[in-house]
Amino acid sequence: MIKYDNVFIDLDGPILEGKERHYACYKDIVTEMNGVVIPLEKYWNLKRQRKNHYILQELSQLGNSTDLFMNCWLTRIEEKKYLQLDELKPHIKEALEKIRLFADRVVLVTMRQNKENLFWQLESLGLLPFFDEILVCEGTDKYSKAETIKKYCREINLFVGDTEVDVFTADTLNIDFVGINNGLRNSTIFVGRHSVNELIEYVRENNANGE
């Protein structure tokens, strides 16, 4: 069993299930724009395949109004009324507790932009005590996570994520990576890499190997 100096964990996807939040925000905006709202499961499956433009332009019939939709989305997706719809991933508190068996520090990483609402949510869900540090990326481009994390990296580090940006971050920093299949993307982006459906599976597997 590898003993890590830091285990960096992305928030949305590995720790929180955001399907209901994303859909509610999408549904409200599309309705206000007189578009066509597609069913939840269809929306989520396509979103996880990175087909946002197809969802908005074709299926939701927003046409050239997709930029307006995205501006509304970025303004509203972190509002408390939507954050309340997030759910904890299966056995996530057990996972965060047991990860201590092979990690000196557990660090939360997020690209959320509303810090006040972020900490409100983490406190509401009882997640704050599980982290030694909470890193909020200043930007939203694909380099932001790597730029934020590199300042805290020690000798042996692991990053747990669920998107192509997370894969890019681990590669950029040359640190270990574990992908979460049941996150904001499907498992196709983790081909050739270590991935699990949920974080608890990796933690139990790792701790079992260390016994």
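This is a short viewer tour of a predicted model, stop by stop.

**Stop 1: the sheet.** Select the strands S5, S4, S1, S6, S7 and S8. They form an open sheet of 6 strands in the order S5-S4-S1-S6-S7-S8, with parallel pairing. Now look at the two ends. S5 and S8 (195-196) stand at the edges, each with a single partner strand, so one side of each has no neighbour in the sheet.

**Stop 2: strand S4.** Select residues 103-110. How many of the 8 residues of S4 are buried? The count is 7, so the strand is largely enclosed by the rest of the structure.

Add S1, residues 4-10. S1 and S4 run parallel and are joined by 6 bridges. Two pairs are worth labelling. Asn6 stands opposite Arg105 in S4. Phe8 has Val107 of S4 as its bridge partner.

In strands generally, the view along the chain follows a simple rule: when a strand is regular, its side chains alternate between the two faces of the sheet.

Then add S5, residues 133-136. S4 and S5 also run parallel, through 4 bridges. Here, label Val109 and Leu135: Val109 of S4 stands opposite Leu135 of S5.

**Stop 3: the crossover.** Keep S4 and S5 shown and select helix H7, residues 115-124. Together, S4, H7 and S5 make a right-handed β-α-β unit.

**Stop 4: helix H2.** Move to residues 40-48. Which residues of H2 are buried? They are Tyr43, Trp44, Leu46, Lys47 and Arg48. Show their surroundings next. The buried residues of H2 pack against strand S2 (16-17) and three helices: H1 (19-32), H3 (52-59) and H4 (66-76). Step just past the end of H2 to Arg50, where phi is positive, at about 65 degrees.

**Stop 5: the cysteines.** Select the cysteine sulfurs. The model has 0 disulfides, with a cut-off of 2.5 Å between sulfur atoms. Start at Cys25. Its nearest cysteine sulfur belongs to Cys72, 8.7 Å away, and Cys25 is in no disulfide. Is Cys25 buried or exposed? Cys25 counts as buried because its relative accessibility is 0%, and the cut-off for buried is under 20%.

Finish at Cys137. This cysteine is in no disulfide either; the nearest cysteine sulfur, that of Cys153, lies 12 Å away. At 2% relative accessibility, Cys137 counts as buried.

Methods:
Residues numbered from 1 in each chain as written. Predicted model: local features only at pLDDT ≥ 70, side-chain atom pairs only at ≥ 80, totals over all residues. Heavy atoms only, no water. Buried < 20%, exposed > 50% of the residue type's maximum accessible area, 1.4 Å probe, protein only. Helix = DSSP H or I, 4+ residues; strand = E, 2+ residues; numbered from the N terminus. Contact = heavy atoms within 4.5 Å. Pairing = 2+ DSSP bridges. Right-handed = clockwise from strand over helix to strand, strands pointing away.
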